[in-house]
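Please read the following report beside the sequence and the structure. It goes through strands, helices, a ligand shell and some backbone details in turn.

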Amino acid sequence: MSSKTPLSDAEAKLLSELNAGLPQDVDWKQGALDYVANILAQENGAAQRRFHLIKPFHSVYPETPINQQLTEFTREFSHCLNLLSILSVSSQTRFLDVACGSGWLAHFLAKLNLTVVGIDISPQMIELAQERLALDQIATVELDAFPHVGLYVHDIEQQPIDPGAQCDVAVLESALHHFVNPIQTLRNIADSLSDDGVIVILEAASDQQGDAYQAEIMERYDTLERPYSREQLVKALNLANLAEYQFFYPLNGFFPPVQSVADGVHYRILNDHVWNTVIVAKQSGGLARNLKVEGLCPVVMNVTNAAKSSRSPVAVESTGEIGLKGELAILRATAQRIVRKSIAKLKR
Ligand SMILES: C[S@@+](CC[C@H](N)C(=O)[O-])C[C@H]1O[C@@H](n2cnc3c(N)ncnc32)[C@H](O)[C@@H]1O
């Protein structure tokens with residue numbers, strides 16, 4: 001299969017929408033290639049190196065409040081664990097860690113005795129990933145402790161991986177928003193998978209083209225940081241001919257058995273699109289064969305349909321906020337609804 005498909009009008013239209021507003025004349029790939037050298041040359045280069053070798057434990061910045069560090073750690077790890085708990089994985093399953101960076105996900109999958117191929121465009125990221133594996137204590141007691149991990153320099157936007165290394169589950173952890181053409185990237189990933197393969201995309205969603213922090217990173221390093229809305233991602237999947245997918249809401253934590261909290265959780269599952277957590281089948285029927293959950297609807301769950309079909313007992317608009325503010329909006333709406341109902345009852 002060819003690695004490059006000529007741009008259709010619909011694809012060109014979506015790409016210009018995604019890339020509108022980005023600074024012009026920036027070579028984003030060169031930025032990705034230079035990134036490691038740039039961060040290591042900074043004053044805090046040693047801390048940056050350490051961060052990449054131990055991600056997702058600890059932040060680059062020692063002054064980051066421990067609570068915030070733990071939130072990021074919990075999120076990254078929960079994604080990995082949730083994924084493993086929902087997928088039907090066997091000892092034969094081959095994972096493809098797409099844009100693996102310094103390889104934390106590949107490393108942990110390998111520690112679980114799973115077979116992984118990690119790829120990244122940056123040779124220095126791959127070197128860091130190799131170093132990370134070599135530093136693992138187990139490697140000192142057991143030579144070649146990770147025979148089931150392969151780490152390769154590869155530009156997945158350019159072409160699929162070698163057919164000999166074909167995988168079953170491709171994972172993009174915070175990665176898809178780095179590609180200039182995510183549609184071609186998705187096609188090439190699908191072509192890197194067995195017929196029954198699935199692609200897992202885990203990343204923050206946004207209707208905006210990114211926030212001030214992302215703009216600053218782009219300017220400083222020439223690396224692409226522009227998140228997609230749920231609707232844009234759905235369009236990209238369809239254009240890549242990947243028509244079977246299921247979005248999930250990543251929910252982790254201990255929840256007190258209180259109705260208002262349950263209402264908030266219910267509301268978020270149905271309406272909150274702050275994450276694009278999606279599992280995509282390469283071919284029709286692939287979701288049912290690869291997932292362990294019941295009640296799947298392998299159809300497009302786009303924003304409008306989700307909102308229309310919402311049977312949430314709480315009729316409020318999404319605030320788009322997470323954390324306490326969002327909860328408060330939901331609680332306020334619930335209280336208002338109860339008061340309205342009581343007044344209506346009294347009037348009867
Ligand atoms: C946010 S970083 C690392 C994400 C990594 N999955 C993690 O969780 O640490 C994104 C990565 O995408 C890589 N990348 C960018 N363009 C790429 C391309 N065309 N092919 C492969 N990797 C690419 C970058 O080198 C970088 O390591």
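Strand β1 (residues 94-98) has four of its five residues buried, so this strand is largely enclosed by the rest of the structure. A residue counts as buried if 20 or more other C-beta atoms lie within 10 Å of its own, as exposed if 12 or fewer do, and as partly exposed in between, with the C-beta atoms placed from the backbone. The strands and helices named here are DSSP runs numbered from the N terminus, with at least two residues (E) for a strand and at least four (H or I) for a helix.

The model is a predicted one, in which local features need pLDDT of at least 70 and side-chain atom pairs count only at pLDDT 80 or more, whereas totals for chains, interfaces and linings use all residues. Residues are numbered from 1 along each chain as its sequence is written.

**The sheet**

Strand β1 belongs to an open sheet of seven strands, which follow one another in the order β3-β2-β1-β4-β5-β7-β6 with mixed pairing. At its edges lie β3 (149-153) and β6 (244-248), each of which pairs on one side only. From one strand to the next the twist averages 20 degrees, where axes are lines fitted to C-alpha atoms (for helices, over the stretch in contact) and angles between N-to-C directions run from 0 to 180 degrees. Two strands are said to pair if DSSP finds at least two bridges between them.

The table sets out pairs of strands from this sheet, with one pair of facing residues for each.

| Strands | Sense | Bridges | Facing residues |
|---|---|---|---|
| β1 and β2 | parallel | five bridges | Leu96 opposite Val117 in β2 |
| β4 (residues 167-173) and β5 (residues 193-204) | parallel | six bridges | Cys167 opposite Leu193 in β5 |
| β5 and β7 | antiparallel | seven bridges | Ile199 opposite Val280 in β7 |
| β6 and β7 | antiparallel | five bridges | Tyr245 with bridge partner Val280 in β7 |

Val280 in β7 thus appears twice, standing opposite Ile199 and serving as the bridge partner of Tyr245. Strand β7 (residues 275-281) has five of its seven residues buried, so it is largely enclosed by the rest of the structure.

**The ligand shell**

Which residues come nearest to the ligand? Of the 20 residues around the ligand, these are Ala99, Gly101, Ile121, Ser122 and Glu157, a residue being near a molecule or strand if its C-beta atom, placed from the backbone, lies within 6 Å of it. Helix α5 (104-111) and strand β2 (115-120) each supply at least two residues of this shell. Sorted by class, the shell has eleven nonpolar, four polar and five charged residues; here Ala, Val, Leu, Ile, Met, Phe, Trp, Tyr, Cys and Pro count as nonpolar, Asp, Glu, Lys and Arg as charged, and the others, Gly among them, as polar.

**Helices**

Helix α11 (residues 259-271) has 13 residues, which at 1.5 Å a residue should span 18 Å, and its end C-alpha atoms are 18 Å apart, which agrees; the expected span is 1.5 Å times one less than the number of residues. The buried residues of α11 are Gly264, Tyr267 and Asn271. They cover an arc of only 65 degrees around the axis, which puts them on the same side of α11, the arc being that of the directions from the helix axis to the C-beta atoms.

In helix α10 (residues 230-239), the buried residues include Arg230, Leu233 and Leu237. After α10 comes Asn241, whose phi is positive, near 65 degrees.

**Backbone details**

Most residues other than glycine have a negative phi, and most peptide bonds are trans. Asp25, in the loop between α1 (9-19) and α2 (28-40), is not a glycine and yet has a positive phi of about 60 degrees. Asp25 is exposed, with 4 other C-beta atoms within 10 Å.

The loop between α3 (45-54) and α4 (66-86) holds Pro56, which is joined to Lys55 by a cis peptide bond with omega of about 5 degrees. His58 is also found in the loop between α3 and α4, and has a positive phi of about 70 degrees although it is not a glycine. With 17 C-beta neighbours inside 10 Å, His58 counts as partly exposed.

Ile86 has its place in helix α4 and counts as partly exposed, with 16 C-beta neighbours inside 10 Å. The C-alpha atoms of Ile86 and Lys292 are separated by 5.3 Å, although these residues are 206 residues apart along the chain.
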